[in-house]
Each structure stands twice: as C-alpha cells, then as structure tokens.
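Me: Hi! I'm new to this one and would like a friendly walk through some of its side chains. Could you pull it up?

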Amino acid sequence: MSRKRRPARHKPAPVQRTDVQQAQELEALARKYPQDQEEILTEAAEFYNRAGRHEKALALYQEILDGDCEEPHLVQAFRIDALWDAGQRDEAREAARDLRREHPADAGPWNIIAETFETADELNDAADYFTAGVTRLLGPATPLTVDAVRDAPDSTGIEMLVIGRHRVRRRLGQPHDDLDQLAHDLYEDRPPRLRTTSTLDDLHNPELRAAAGNDPQALIASIEKLSREIEARRTTLSHPRMTCALFWNPDEFAQLLGTWPELADHYGAEHHEHVRHVEQMLQRLSNEGEPHLGIAHGTVSDFESFAGEENLPPQDGDTRAHYAANLAARGQATPWPPARNTPCWCGSTRKYKKCCARHEAP
C-alpha cells in the first residue's frame, strides 16, 4: 500500500539580500577561494553594476584584467557592457573597437558586445558586431551550412551570433542574405520544444515590438508568455522524458550537508560549487545529444520522505537520480537551458548569459 508523501516542514522565508550585499559576499568568497577568484569577482562586478555602483564594478573588472586573467576577452566584454551602463559610451565604443582588433576566438565576447549595442537600440553597430563575430569564428571560406556550425568548436555561441544578427537585421528592415538563411536553417534544426514559433521571421517580427509600445520589457514579456503557452501545450501533448539535474537552493543545500555531510564529496562544500556542477553536467549531456534536459528543485524534507518510502539510502547517487526523476514526473522541474536574456535558473536574478551560461563543461 502506498503512503502519502509527508508535507514539507514549514521554514521561514529567506532574508532577501540587496545586490550590493550579494556583491560584497562574493568579494569575501573570492578571497577565500583564490583559485576561483576570476569567476567569483566577475559575478560580484555584475551585482555592483545592477545596483548602480558602476565605479565599483569597473574597478573589479580592471582588477581581474590586471591579474592572471584566464578569459581576458570575456572580462573585457563585460567591462564594456558596464561602461555603457555607466553612461561612458564613448569609452565603451573605443574599448569595443580595441577588443574587435584583438579578434576574440570564442563567441562570448562578440555576443555580449553586440547585445549591448542592441539593447541600446544601436542596431547598425549590433549587426556589425554580430557579423564580425560570425566571420571570425566560422572563417570566410567555411560553407554557410548547419553542419558547419554544428561541427565548429563553439557551435552554440556561433548559433546565437547568427540568430542575433538575423534579429537586428529584421528590426532594421534589411533584406535576407546568406547568413540570414543560415539563421533560418539553424532555427529549423532545433528540437521542436526549443522553437517557440513556426519560423524565425515570426519570432523576430518587428511588428511585435511596435505592438508592445516600443517597450523592450513589454516585448520580452510578450514573447516569454507566448513561449510558456506553446511549451505547456507541447508538454501536454507529448510528455517527453526529461533528464534532470537535481538542484538545491542555498537554504536547502546548507540543510542537506548538515544532515549528510558526506554529500559534500559529490556536491562540494560551497553552494557556488554545486551550481557550477549542475550547469556543467547539463552542458555535457547536451553536447552528448540528450534532447530533453531540466532542473529538478529538491527539498530536504521531501527527499527524506521519498528515500524512506522507497527504502533507499539517501547518500546513494542512484537515490538522488531517482528522486530527480520523481520530481520531474510531479511537475517540479524546469526545462534547461533558459533563454540567454531571461533570469538564470540558479535564482541569482541575473540574466542566464551573464551567470551560469559561463560555466563551460569540462
């Protein structure tokens, strides 16, 4: 006879920290873990930038660049975005030109700079940087085919450049060219659950922007609402199997390790290690061709109940995998990856592209 699942214990709502407080905590964490200093300080700078503390953000970016920086082009691109937000637009433009002359070999810096110009409605500059990035990464002699992009070292980043270019050119009213056709082909090649409209032209229809009152936030909200509705209909019709990574929010993570300290061997002792592990695992599964990926949000009380009912040891990896699958079956999982410009899955409130998307799979 099956038993009812024990309800989760009531816990007080976590205290909301300001962006400045989170930035300060990250700065302290960076000093504690110098091996991860570049990544952690980059996150701290983003929080300062969100809080309007632009000088502090720019100082942190410069500190990273002055040290033994592993990804200088990426950090420079984030700094350019912060310069623009700080109103130092001439300096941002000059820094973008300097970075372009250095010919970054990965898509991240090109995407960040192009999207910075796009967000500011500097569409011609945005299209120019998208185009330059595609040309640099694919090479001028590479055939403009889906296979060529899929076979490239940074295929996901190149796809975002090609599709971003199409988006701004649609807003500019420019006629289709070969790269725009490649954008269509890449979009059509996506799994059905990752296509929110029938064609890329529909998705990038500039009339949607006009209908949203020329308000970018209203446009984003409209597209996200449509995406959720379509995804819900598809889920109802197809019920695809979802392979999920198990994720614990900071409070649950602390309680988990307090209950089973040995799980630190799997998750790491700090929550940021757990977050990175989840993102890298999902990226690796995606690279291996797994089509339906998601993140299952666990709670310790529910996990205890599940393990007890199934007579499984909580410390065992298979138990956690079964629990993640159970959460997905109960509708307590979210599809991965989120859109680059939407809030990150980890709960940081930052955009995915500036948060966990930067954790590359080993």
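Me: Is E270 buried or exposed?
Reply: Neither extreme: E270 is partly exposed, because its relative accessible area is 21%. Buried means under 20% relative accessible area, exposed over 50%, and partly exposed in between (1.4 Å probe, protein chains only). This is a predicted model, where local features need pLDDT of at least 70, side-chain atom pairs count only at pLDDT 80 or more, and totals for chains, interfaces and linings use all residues. Residues are numbered from 1 along each chain as its sequence is written, and side-chain values use heavy atoms, with hydrogens and water left out.

Me: Which side chain does E270 meet in a salt bridge?
Reply: K32, at 3.5 Å from N to O. A salt bridge here is a side-chain nitrogen of Lys or Arg within 4 Å of a carboxyl oxygen of Asp or Glu. E270 is in the loop between α15 (264–267) and α16 (271–287), while K32 is in helix α1 (residues 19–32), so the pair ties together parts 238 residues apart in sequence. Helices are DSSP runs (H or I, at least four residues), numbered from the N terminus. K32 itself is exposed, with a relative accessible area of 54%.

Me: How many salt bridges are there in the whole structure?
Reply: A search finds 27. Another one joins R276 and D36, again 3.5 Å from N to O. R276 belongs to helix α16 and D36 to the loop between α1 and α2 (37–50), so this bridge ties together parts 240 residues apart in sequence. Both R276 and D36 are buried.

Me: What about R320, which is buried too? What is its nearest side chain of opposite charge?
Reply: That is D316, 7.0 Å away, and R320 has no salt bridge. For charges, Lys and Arg count as positive and Asp and Glu as negative; His and the chain ends are not counted. A polar atom of the R320 side chain does lie 3.1 Å from the backbone oxygen of Q315. R320 is placed in helix α18.

Me: Switching to rings, how many aromatic pairs are there?
Reply: There are 10. Rings of Phe, Tyr and Trp (its six-membered ring) pair if their centres lie within 6.5 Å; planes under 30 degrees apart count as stacked, over 60 as edge-to-face and the rest as tilted. W84 and F117 have ring centres 5.4 Å apart and planes at 75°, so they are edge-to-face. W84 sits in helix α4 (residues 72–85) and F117 in helix α6 (residues 107–119), 33 residues apart.

Me: Which rings form a cluster?
Reply: Ring pairs link W248, W260, F303, F306 and Y323.

Technical notes:
Helices (H or I, at least four residues) and strands (E, at least two) are DSSP runs, numbered from the N terminus. A polar contact is a pair of N or O atoms within 3.5 Å; within protein, one must be able to donate a hydrogen and the other to accept it, and residues adjacent in sequence count only if both atoms are side-chain atoms.
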